[in-house]
Amino acid sequence: MSTNESPEEPGGAGRPPEPPKSSESPKSPEPPKSPEPQPSPESLRPPQSPEPPQSPQPSEPSQTPEPSEPAKEAPGQPEETGRQRLAAGLWPPRVSRAQLIVALLLFVLGLGLAIQVRSNSDSSALRGARQEDLVRILDELDGRTKRLEDEKQQLEDQRKELENSSNQAEEARKQTVEKERQLGILAGTVAAQGPGITLKITDPTGQVQSDQLLDTLQELRAAGAEAIQINGVRIVAGSYFSDENGGVAIDGKKITQPYEFKVIGKPQDLEPALNIPGGVVQTLEKEQATVAVTRSAKIVVDALRAAKQPDYARSSS
């Protein structure tokens, strides 16, 4: 045994052996290590990082639409202007069946409204009329109604006479002669006389034209005129008016003012028809013409028309 070693004393009372000297720096003594626990099988597994809580996601993730980039045109093609793109979007029009139906309904609705507005505007003259004018218009309408009822009664009486007469042939001949006389007056082939009015229109400025004279004639016919003569020209169903230099022509025959109407009919119906608000007299006076209406118990209409033989029409009886 070497002298450097000393026997250990029981209980660890001896000095511990000195560490061998070396050129290296002395190391601090390490603390005693506690016995390491045996690893469990679960600890041998690699550690897993905890997963963050997942938020509920929709079945299909919505993607934010990215702004569309302008299409890159092929080199050498000119870029379309805004007006061209607008024209391409508007034409050809893309119209569906529902849009066509809606457009048709709107058109029908607009047409109905236009007709309603027009009818209201036509009756606006009567709304502003005076009481005596309204009474005059009502009297004229009553007169027209009465004339139609009288004509209907006459035709019924003729039918009854033909059915009840013992000599139906003689009765038919009488009625035929009377009908011929009436038709001759309407056709202008025979002269006529009876109560009526004389209408004289003086036009110093030359503003009265053929259409205004035609309106006057139509108003007289609607009021019950049976025979009319204007400045020596007999008016029949086929008469026509036209403008000529310095005057008006009736059936191609020129007449000049003053225009004189000789009318056979009931004066109580003819005169009010001309003087209704907005009627013939007011219209002619707006043209600076002078209108004079005179009632008469006897008006003679003696201008005649030559009877024309029809070229193709023949009696069917």
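**Exercise 1. Work out the strand order of the five-stranded sheet in this predicted model, and find its edges.**

Step 1. Let's start with the order: the five strands line up as 3-2-7-1-8 in an open sheet, and the pairing is antiparallel.

Step 2. Now look for strands that pair on one side only: these are strand 3 (233-235) and strand 8 (290-301), the edge strands.

Step 3. How much does the sheet twist from one strand to the next? The average is 20°.

Step 4. Zoom in on one pair. Strand 1 (residues 192-202) and strand 7 (residues 259-264) run antiparallel and are joined by six bridges. Within this pairing, Leu199 sits opposite Phe261 in strand 7.

**Exercise 2. Find which strands helix 6 and helix 7 lie across.**

Step 1. Take helix 6 (residues 210-222). It lies across strand 1, strand 2 (227-230), strand 3 and strand 7, and its angle to strand 7 is about 15°.

Step 2. Move on to helix 7 (residues 267-274). This helix lies across strand 1, strand 7 and strand 8, running at about 20° to strand 1.

Step 3. Put the two lists side by side: strand 1 and strand 7 appear for helix 6 and again for helix 7.

**Exercise 3. Describe the three-stranded sheet and explain why strand 4 and strand 6 each have a free side.**

Step 1. Write down the order: this open sheet reads 4-5-6, with antiparallel pairing.

Step 2. Strand 4 (241-244) and strand 6 (253-255) are at the edges with a single partner strand each, so one side of each has no neighbour in the sheet.

Step 3. On average, neighbouring strands here are turned by 35° against each other, ignoring direction.

Step 4. Check the bridges. Three of them join strand 5 (residues 247-250) to strand 6, and these two run antiparallel. For Ile250, the bridge partner in strand 6 is Lys253.

Step 5. Which helix packs on this sheet? Helix 6 does, touching strand 4 and strand 5, and its direction makes about 150° with that of strand 4.

**Exercise 4. Characterise the largest pocket and say what lines it.**

Step 1. Begin with the space: the largest pocket holds about 1200 Å³.

Step 2. Its lining counts 37 residues, with Glu151, Leu186, Gly224, Ala225 and Glu226 nearest the centre.

Step 3. Sort the lining by class and you get 16 nonpolar, eight polar and 13 charged residues.

Step 4. Which element gives the most to the lining? Helix 4 does, with ten residues. Other elements supplying at least two residues each include helix 5 (168-187), helix 6 and strand 2.

Conventions: Residues numbered from 1 in each chain as written. Predicted model: local features only at pLDDT ≥ 70, side-chain atom pairs only at ≥ 80, totals over all residues. Heavy atoms only, no water. Pairing = 2+ DSSP bridges. Helix = DSSP H or I, 4+ residues; strand = E, 2+ residues; numbered from the N terminus. Axes fitted to C-alpha atoms, helices over the stretch in contact; angles between N-to-C directions. Contact = heavy atoms within 4.5 Å. 1 Å grid on protein atoms, 1.4 Å probe; cavity = no way out; pocket = protein on both sides within 12 Å on 5 of 7 lines; lining within 4 Å. Points joined across faces, edges and corners; volume = space filled by probe spheres on them. Nonpolar A, V, L, I, M, F, W, Y, C, P; charged D, E, K, R; others polar.
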